[in-house]
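Let's take a walk through a protein, going from the inside outwards. Have the model open so you can click on residues as we go.

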Amino acid sequence: GPCTDCSCSSGKEPTKDPSHTKKKENGERVLVPKIFFGTRTHKQIAQITRELKRTVYSSVPMTILSSRDYTCIHPVVSNSAGNRNEMCVELLEGKQGKSCAYYHSVHKLSEHHALQAAHGLYQAWDIEDLVSLGRKLRACAYFGARELMVGADIVFCPYNYLLDPQIRESMDINLKGQVVILDEAHNIEDSARECVSYSVTESQLRAAREELDFMVNNNIRQKDHAPLRAVCCSLI
């Protein structure tokens, strides 16, 4: 007979509840906090999910947030030595007249996990499992992991996904009222510094100075550009 435990019986998409609420027996809705588990490296996430499989909580809905470097399965983007984030955005925006078929099939991943959960087959997984499933279903593992965050009770991710406000915003992570666990938290200081730091080469500084020279010499907002040129000169 038809499955009655999930959305496939009605042919409708599963409803997304961003507030992650569940009903009590009396019909009241109560906010259930998510657990955000931050680690220093992706390798540590694999170790933690492996241990999770051995516990009674292995069937708890979860997801792993990671970069496109680990989850992109597009043959051109994933094998490129360039900036995969920029290449992915260009495909999604269709700038070159091309699109990403894997992105448009991302619902297959979330539906697969919803079906497994409905039949009691849901088990903890790691990034490699998700990427392997994504290749099998020809669905994007990167955006699939983000889709699964809506119904997940546990979200695994590197530190910077929790510390960096720009990443939190881009990934739609709201930590208010949630549970945050930081593994090996003595590394937080270094991670926090990295979130607000960047590297600049000498050639980049010289190129910036030349552009600022042009601006100042042509009387283009001299008050703004002259101090910036002085900073470039001092750093060089």
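The largest cavity in this predicted model has a volume of about 100 Å³. How many cavities of 30 Å³ or more does the structure hold? Just one. If you wonder how anyone finds a hole like that, rolling a probe the size of a water molecule over the atoms shows where empty space is left.

Now look at the walls. The largest cavity is lined by 14 residues, and those lying nearest its centre are Cys72, His74, Cys88, Cys100 and Cys140. By character, the lining splits into twelve nonpolar residues, one polar and one charged. Both α4 and α7 supply at least two of the lining residues, with α4 giving the largest share, three residues.

Those two helices turn up again in the next stop, the nonpolar core. In soluble globular proteins, nonpolar side chains tend to be buried together. Here the largest nonpolar core has 42 residues, and the ones with the most contacts inside it are Met62, Ile64, Leu65, Trp125, Phe156 and Ile173. Among the elements that give two or more residues to this core are the strands β3 (35-39), β4 (62-64) and β5 (154-158), along with helices such as α1 (42-53) and α6 (127-137). Which element gives the most? That's α7, with five residues.

Pick Met62 to see what being in the core looks like. Skipping its neighbours within four places in sequence, Met62 is in contact with Thr49, Leu52, Tyr122, Ala124, Trp125, Leu148, Ala152, Ile154 and Phe156.

Next, head out to a loop. Ser99 sits between α4 and α5 (107-118). Is Ser99 buried or partly exposed? It counts as partly exposed, because its relative accessibility is 42%. Apart from residues up to four places away in sequence, Ser99 touches Leu91 and His104. With His104 there is a polar contact, side chain to side chain, at 2.9 Å. You can also check the distance back to Val89, ten residues apart from Ser99 along the chain: their C-alpha atoms are separated by 9.8 Å.

Finally, two backbone oddities. Most residues other than glycine have a negative phi, and most peptide bonds are trans. Glu184, though not a glycine, has a positive phi of about 50°. You'll find Glu184 in the loop between β6 (179-182) and α10 (188-195), and at 33% relative accessibility it counts as partly exposed. Arg221 also has a positive phi without being glycine, near 45°. Arg221 belongs to the loop between α11 (202-217) and α12 (222-235), and its 57% relative accessibility is why it counts as exposed.

Technical notes. Residues numbered from 1 in each chain as written. Predicted model: local features only at pLDDT ≥ 70, side-chain atom pairs only at ≥ 80, totals over all residues. Heavy atoms only, no water. Core = buried A, V, L, I, M, F, W, Y, C linked by side-chain atoms within 4.5 Å. Buried < 20%, exposed > 50% of the residue type's maximum accessible area, 1.4 Å probe, protein only. Helix = DSSP H or I, 4+ residues; strand = E, 2+ residues; numbered from the N terminus. Contact = heavy atoms within 4.5 Å. Polar contact = N/O pair within 3.5 Å; in protein donor to acceptor, adjacent residues only side chain to side chain. 1 Å grid on protein atoms, 1.4 Å probe; cavity = no way out; pocket = protein on both sides within 12 Å on 5 of 7 lines; lining within 4 Å. Points joined across faces, edges and corners; volume = space filled by probe spheres on them. Nonpolar A, V, L, I, M, F, W, Y, C, P; charged D, E, K, R; others polar.
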